[in-house]
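Reader: Please take me closely through one part of this model, starting from a loop and going on to whatever can be linked with it. I would rather have one connected account than a list.

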Amino acid sequence: MEESSYTVEMFERGKEEIWDTFIDKTSLNGTFLHTRKFLNYHPKERFEDASFFIRNNKGHIVAVVPGCVQYEENAKIFYSHKGSSFGGPIVSREIYTVKRMTEVIDLIQKYLRLNGFKKIVYKITPELFSQVSTELLEYTLYYGGYTEEKELNLYVDYREYKDNILANFSKGKKYNVKQCMREGIRLKEIVSEDEIKELHRIIEITLAKYSLKPTHTAEELLKLKKIYIPEECGFYGLFIDDKLISGSMVFYFYNVSVAHTQYLCALPEYNSISPMTYMYFCMIEEMKRKGFKKLSWGISTEHGGKRINWGLTQNKESYGSRHSINRVFSKDI
């Protein structure tokens, strides 16, 4: 490779603390989803890790790139990252200039090509979850010849939201919420192992309608809460008496004051009272009470943003949600 101000160093076991300290203390666009404490919950055999550090000429870490090896038609793909919602590059302020970013992006490409990779895929941190604008990173990838896919995400911004939560809802959603209130449905944070397993069962039932399966097993959800990211995730449920009928997992991105829902679900036999609508209402209310500035619902598009899930999109919009973009960049090398 040509002479560069920066060098690549492969991540290896034993360097988890160094990696996570960079994510937590130095990076501009890193989240707990990029930390080894999160990524390491995956069984070793699930992904072939290919993550690496970028160091400057003084040996200081200026970026990290989480990634794993994938194969498509025998072509070796660097995917950042199959085990997380978001990937890299994760950068420091030191290199967040046009000249330095273009140099680092070029260095990464040369390094990966030298190691037999034929393609790079980055699911970059969305601006919603980044401490700074991601536009420079997006531009340098575009400048480097990467193609871009866009997914549509929806979220609530409390700073632009009416204090009376129901005042932001459509007429139909207001009716659904009041109906659930009359039924005496109550929200409770789920903490017991049995309740989390029951929530996972309801998630499976909900996703089965769309021929989908949960990304996580029940055991993995328990490990995330008890071992890997106990402070960054939570589980909530709606109960009629002592019966769990609806629920959600929530990720807490404290560094940017954003909460993000995962797996909103409900038992179909209770659809007549629309507990899912009440779950949305309760999550908005609870995350506001916790002091978050924004609440993300996740994407409402499919096939790399080429297909809109109209029902899901209009449902999320009916709670007064706003729109943001998740970007995936890729390049054959």
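Author: Proline 89 lies in the loop between β6 and β7, and that loop is a good place to begin, with the caution that the model is a predicted one. The peptide bond that joins glycine 88 to proline 89 is cis, its omega being about 0 degrees. Histidine 81 is found in the loop between β6 (75–80) and β7 (90–91) as well, and the bond leading into histidine 81 from serine 80 is also cis, with omega near 0 degrees. As background to both bonds, most peptide bonds are trans.

Histidine 81 also leads to a pocket, for it is one of the residues that line the second largest pocket. Which other residues line the second largest pocket? They are Phe11, Glu12, Arg13, Arg36, Leu39, Asn40, His42, Pro43, Lys44, Phe47 and Asp49. The space in this pocket comes to about 220 Å³, and its lining, sorted by class, has five charged, four nonpolar and three polar residues.

The other end of the loop leads to an enclosed space. Strand β7 covers residues 90–91, and Val91 is among the residues that line the largest cavity, together with Leu28, Asn29, Tyr96, Ser130, Val132, Ser133, Thr134 and Leu137. The volume of that cavity is about 40 Å³, and one cavity of 30 Å³ or more is counted in the model. Its lining divides into five nonpolar and four polar residues, with no charged ones, whereas five charged residues belong to the lining of the second largest pocket.

Two residues of that pocket lining, Arg36 and Leu39, carry the account onward, as α2 spans 36–39 and is among the elements that cover the buried residues of helix α7. In α7 (residues 218–228), the buried residues are Ala218, Glu220, Leu221, Leu222 and Leu224. What covers them includes, besides α2, helix α6 (193–208) and the strands β11, β12 and β13 (258–266).

Those strands are linked by loops that deserve a look of their own. Aspartate 241 is found in the loop between β11 and β12, where its phi is near 55 degrees, a positive value in a residue other than glycine; for comparison, most residues other than glycine have a negative phi. Is aspartate 241 buried or exposed? Aspartate 241 counts as exposed because its relative accessibility is 61%, above the 50% cut-off for that class. Aspartate 242 is in the loop between β11 (233–240) and β12 (243–253) too, and with a relative accessible area of 71% it is likewise exposed. Its C-alpha atom is separated by 45 Å from that of glycine 14, a residue 228 places away along the chain.

The loop between β12 and β13 holds serine 257, whose phi is also positive and near 55 degrees. Serine 257, however, counts as buried because its relative accessibility is 15%, under the 20% cut-off.

Strand β12 leads inward as well, since its range of 243–253 takes in Phe253, one of the residues that touch the most other members of the largest nonpolar core. That core has 62 residues, and the others with the most contacts inside it are Phe169, Ile284, Met287, Leu295 and Trp297. Helix α8 (residues 275–289) gives the core its largest share, eight residues. Another core, of 31 residues, lies apart from it, and Leu28, Val62, Leu112 and Tyr122 are among its members; Leu28 has already appeared in the lining of the largest cavity.

Helix α8 is mostly covered, eleven of its 15 residues being buried. They are Pro275, Thr277, Tyr278, Met279, Tyr280, Phe281, Cys282, Met283, Ile284, Glu286 and Met287. The length of α8 agrees with expectation, because its 15 residues at 1.5 Å a residue should span 21 Å and its end C-alpha atoms are 20 Å apart. Beyond residues up to four places away in sequence, methionine 287 touches Tyr158, Tyr236, Val250, Tyr252, Ala259, Phe292 and Leu295. Just after α8 comes glycine 291, which takes a positive phi of about 95 degrees.

Conventions. Residues numbered from 1 in each chain as written. Predicted model: local features only at pLDDT ≥ 70, side-chain atom pairs only at ≥ 80, totals over all residues. Heavy atoms only, no water. 1 Å grid on protein atoms, 1.4 Å probe; cavity = no way out; pocket = protein on both sides within 12 Å on 5 of 7 lines; lining within 4 Å. Points joined across faces, edges and corners; volume = space filled by probe spheres on them. Nonpolar A, V, L, I, M, F, W, Y, C, P; charged D, E, K, R; others polar. Helix = DSSP H or I, 4+ residues; strand = E, 2+ residues; numbered from the N terminus. Buried < 20%, exposed > 50% of the residue type's maximum accessible area, 1.4 Å probe, protein only. Core = buried A, V, L, I, M, F, W, Y, C linked by side-chain atoms within 4.5 Å. Contact = heavy atoms within 4.5 Å. Expected span 1.5 Å × (residues − 1).
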